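Student: Please take one part of this model and go through it closely, starting from a single pairing and working outward. I would also like to know how far the coordinates can be trusted.

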Amino acid sequence: MAAQSSSTFANPPNYTFTSHRLHRTLHASDKQPIVLVACGSFNPITYHHLRMFEMANDFVRQNTNFEIVGGYLSPVSEEYEKPGLVRARHRVNMCTLATEQESSGLMVDSWEAFQNYQRTAVVLDHFDYEINTVLGGVSTRDGEHRDVRIMLLAGSDLISTMSEPGVWSHNDLDRILGRYGTFVIERTGSSMDQATDSLARWRNSIYPIPQLVQNDVSSTKVRLFFRRGLSVRYLIPAAVIDYIKQHYLYLDDGSGPEKDKGKDKESGDAETSLRDGGFLLQL
């Protein structure tokens with residue numbers, strides 16, 4: 001099932017794929033194993049970024065024949081060049097603190113963060129390769145091998161950009177939505193139906209998830225609070241607050257507008273992924 005050969009993926013120096021919380025044995029042999037991947041800036045990570053995995057978990061249990069065997073945060077590379085984006089090592093460290101202290105199942109993968117800029121489709125290919133080719137997928141309790149389906153966890157504003165002509169390449173859309181699939185978290189002010197109407201070709205692999213409790217906490221607002229000297233307690237994990245203060249992060253607003261650039265820098269293939277909020281949307 002792996003998308004590419006090992007020679008395709010150039011790993012950063014000293015890179016090791018994190019898998020210590022990956023469930024290698026299915027609880028239910030009749031379910032399809034999936035791994036959720038949230039790509040984004042995580043600048044900084046917020047409780048809402050963690051909460052999105054909980055919303056997805058509830059939806060999967062109640063509405064699908066999937067079984068989640070792992071969840072990953074994939075911070076974007078420094079070469080994303082978004083104004084105000086702190087160094088990759090800081091964002092990876094903050095995500096690691098948050099997942100290790102606030103979650104029992106989430107992990108952080110640094111492959112995207114510590115190398116050249118990568119498109120979302122390539123990041124998903126990387127996870128597919130590491131989990132299904134290198135690790136060999138998962139097994140049922142009876143020892144039967146199963147490949148894991150990698151699925152993107154994103155927001156409705158990302159899906160909106162996917163429906164705009166010329167923004168994403170058709171090949172990348174077909175890989176992201178067709179080969180892998182996505183769970184789409186509703187965002188306040190975004191129309192889920194309108195966002196998915198023009199992507200009808202991949203409708204069966206797009207799973208909209210409504211927010212039962214509306215939450216508009218965003219990394220942008222958290223940074224603004226830091227700059228203004230306002231409290232961010234209970235908006236982001238305490239360990240992340242301590243880390244930010246220890247390293248004097250977010251003391252200025254950077255330069256340029258508070259809006260993300262397109263993720264894909266290749267001519268004619270501009271992937272505007274709206275990654276400020278941390279999972280391909282501006283939360």
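**The parallel sheet and its surroundings**

Tutor: A convenient starting point is Val184, which stands opposite Pro208 in β8 (strands are DSSP E runs of at least two residues, helices H or I runs of at least four, numbered from the N terminus). The model is predicted, with local features requiring pLDDT of at least 70 and side-chain atom pairs 80 or more, while totals for chains, interfaces and linings use all residues. Residues are numbered from 1 along each chain as its sequence is written, and side-chain values use heavy atoms, without hydrogens or water.

Strands β7 and β8 pair in the parallel sense, and 4 bridges join them (pairing needs at least two DSSP bridges). Both strands belong to an open sheet of 6 strands, whose parallel pairing follows the order β3-β2-β1-β6-β7-β8. Because β3 (106–108) and β8 (206–209) are the edge strands, each with a single partner, one side of each has no neighbour in the sheet. On average, and with direction ignored, neighbouring strands of this sheet are turned by 25° against each other (axes are lines fitted to C-alpha atoms, for helices over the stretch in contact, with angles from 0 to 180 degrees between N-to-C directions).

Helix α3 (residues 120–134) packs on this sheet, where β1 (32–40), β2 (66–75) and β6 (149–155) are the strands that α3 touches, and the direction of α3 makes about 145° with that of β6 (contact means heavy atoms within 4.5 Å). Helix α5 (residues 170–180), in turn, lies across β6, β7 and β8, and runs at about 115° to β6.

Strand β7 also takes part in the aromatic packing, for the structure holds 11 aromatic pairs (ring centres within 6.5 Å; stacked under 30 degrees, edge-to-face over 60, otherwise tilted). Phe59 and Phe183 make up an edge-to-face pair, with 6.2 Å from centre to centre and 75° between the planes. This pair links distant parts of the chain, since Phe59 lies in helix α1 (residues 47–63) and Phe183 in strand β7 (residues 182–185), 124 residues apart. Phe59 counts as buried because its relative accessibility is 16%, and Phe183 counts as buried because its value is 0% (buried is under 20%).

A tilted pair is formed by Phe226 and Tyr250, at 6.2 Å centre to centre and 35° between the planes. Phe226 lies in helix α7 and Tyr250 in the segment after α8, so this pair ties together parts that are 24 residues apart in sequence. Phe226 counts as buried at 15% relative accessibility, and Tyr250 is buried as well, with a relative accessible area of 5%. Returning to Phe59 and Phe183, these two form one aromatic cluster together with Phe66 and Tyr207.

Helix α8 (residues 238–246) has as its buried residues Ala239, Val240, Ile241, Tyr243 and Ile244; what covers them includes α2 (88–102) and α7 (219–227). Just after α8, Tyr248 adopts a positive phi of about 55°.

As for trust, the mean pLDDT of the protein is 86, with 84% of its residues at 70 or more (pLDDT is the predictor's confidence in each residue, from 0 to 100). Over residues 255–270, however, pLDDT stays under 50, although the model has 51 contacts beyond four places in sequence for this stretch. Residues 272–283 likewise have pLDDT below 50, and this stretch has 80 contacts in the model beyond near neighbours in sequence. Where pLDDT is low, the predicted coordinates should not be read in detail.

Terms used. Buried means under 20% relative accessible area, exposed over 50%, partly exposed in between (1.4 Å probe, protein chains only). Rings of Phe, Tyr and Trp (its six-membered ring) pair if their centres lie within 6.5 Å; planes under 30 degrees apart count as stacked, over 60 as edge-to-face and the rest as tilted.
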